[in-house]
Amino acid sequence: MSSSTAAGHTADPEYTPKSYTRIETLPTKFSRLNWGTEYTEKNFTETDLLWDSINPAHEFIAMDREWARAQHWPESMHLPSDLRKNVYLLESYHLLHCVTVIRKTFWQAVRREPEDSFRYAPPHAAHCIDMLRQYIICKADNTPLYSFGDNTVGDEQYRKCNSWDVLRDFATENSACYRDIPLDRDPSTFLLGEHFGYCDGGYDGVKMGERAGPWKHGVVWDGNECTEGNGHC
């Protein structure tokens, strides 16, 4: 890979498969990604509440079948209440669902809870881990992260992020009114049709989170000012 390619000057693919799904480009904004947030605090009573409040089921959208076909979206199941619409899942929400599955399964295993009490079967978590592996390879993010030999690699560095607010609004406007299986229901007896007909009012419980702990290195700055002691001269 040449230095110009590594810097982002890449050529488009030689061809686009006819079955490639056409999607709109989301607006972007710059956000700092932190080594730790309230989602990693040691108070599990509080962190469990934060994680459990995430609503990945907001991912389910219902789109007009003819419109979807024109965008090369694949055929999908029909919305039970409107056969003119197909049901789709938005990938970012699906991957977020996978993160919640992995976290839940990990801590249940660490606590040595009986496997038959796991909320998600281990093969589900294994699928999620592999899905994240494939997605990371697919995206091949070439952002260079700073390091000083400790475990706070890239802490507080800016990333150019797609707008989650716009994604959330799109999902809300096209909601399939889907819910996950309630905790008090047996997944083996919960019918597919019982998932639908429950709108969430636009709530997905997703937020970036606030920084937890001190900023260790302080090497990430705004602008290119050169002042004594800031390391940028």
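Residues count as buried under 20% relative accessible area, as exposed over 50%, and as partly exposed in between. The model behind these views is predicted.

**View 1. Y20, in the loop between α1 (3-6) and β1 (28-32).**
Buried, exposed or partly exposed: what is Y20? Its relative accessibility is 46%, so Y20 counts as partly exposed. Setting aside residues up to four places away in sequence, Y20 touches Q71 and H72. Have a look at P74 here too: Y20 and P74 sit 54 residues apart in sequence, yet their C-alpha atoms are 8.6 Å apart in space.

**View 2. T25, another residue of the α1 to β1 loop.**
T25 has a relative accessible area of 78%, so it goes down as exposed. Which residue, 137 residues away along the chain, has its C-alpha atom 8.6 Å from that of T25? That partner is N162.

**View 3. Helix α2 (residues 44-52) against helix α4 (residues 91-110).**
The two axes come within 11 Å and cross at roughly 150°. Angles over 145 degrees count as roughly antiparallel, and α2 and α4 are therefore roughly antiparallel to each other. As for handedness, α2 passes α4 in a left-handed crossing. On the α2 side, the contact is made by F44, T47, D48, W51 and D52. On the α4 side, V99, T100, R103, K104 and W107 do the job. Sorted by class, this contact of α2 with α4 has four nonpolar, two polar and four charged residues.

**View 4. R168 in helix α6 (residues 164-173).**
Is this arginine buried or exposed? R168 has 16% relative accessibility, so it counts as buried. Which side chain does R168 meet in a polar contact of 3.0 Å? The answer is the side chain of D204. D204 also turns up among the contacts of R168 once neighbours within four places in sequence are left aside; the others are H58, Y93, G202 and V206.

**View 5. R112, in the loop between α4 and α5 (122-139).**
Check the backbone here: R112 is not a glycine, but its phi is positive, at about 55°. With a relative accessible area of 75%, R112 is exposed.

**View 6. A140, in the loop between α5 and β5 (158-162).**
What is phi for A140? The value is near 40°, which is positive in a residue other than glycine. The relative accessible area of A140 is 52%, so this alanine is exposed.

**View 7. Zooming back out to the protein chain, with six helices and five strands.**
To place the close-ups, follow the sequence through the pattern α-β-α-β-α-β-β-α-α-β-α. How much of the protein chain is buried? Buried residues come to 28% of the 233 residues, and R168 from View 4 is one that counts as buried. Now take the contacts in the protein chain between residues at least 6 apart in sequence: 68% of them join residues at least 24 apart.

Note on methods
Residues are numbered from 1 along each chain as its sequence is written. This is a predicted model: local features need pLDDT of at least 70, side-chain atom pairs count only at pLDDT 80 or more; totals for chains, interfaces and linings use all residues. Side-chain values use heavy atoms; hydrogens and water are left out. Helices (H or I, at least four residues) and strands (E, at least two) are DSSP runs, numbered from the N terminus. Buried means under 20% relative accessible area, exposed over 50%, partly exposed in between (1.4 Å probe, protein chains only). A polar contact is a pair of N or O atoms within 3.5 Å; within protein, one must be able to donate a hydrogen and the other to accept it, and residues adjacent in sequence count only if both atoms are side-chain atoms. Contact means heavy atoms within 4.5 Å. Axes are lines fitted to C-alpha atoms, for helices over the stretch in contact, and angles run from 0 to 180 degrees between N-to-C directions. Angles under 35 degrees count as roughly parallel, over 145 as roughly antiparallel, 65 to 115 as roughly perpendicular and the rest as oblique. A crossing is left-handed if the near helix is turned anticlockwise from the far one by less than a right angle, and right-handed if clockwise. Ala, Val, Leu, Ile, Met, Phe, Trp, Tyr, Cys and Pro count as nonpolar, Asp, Glu, Lys and Arg as charged, and the others, Gly among them, as polar.
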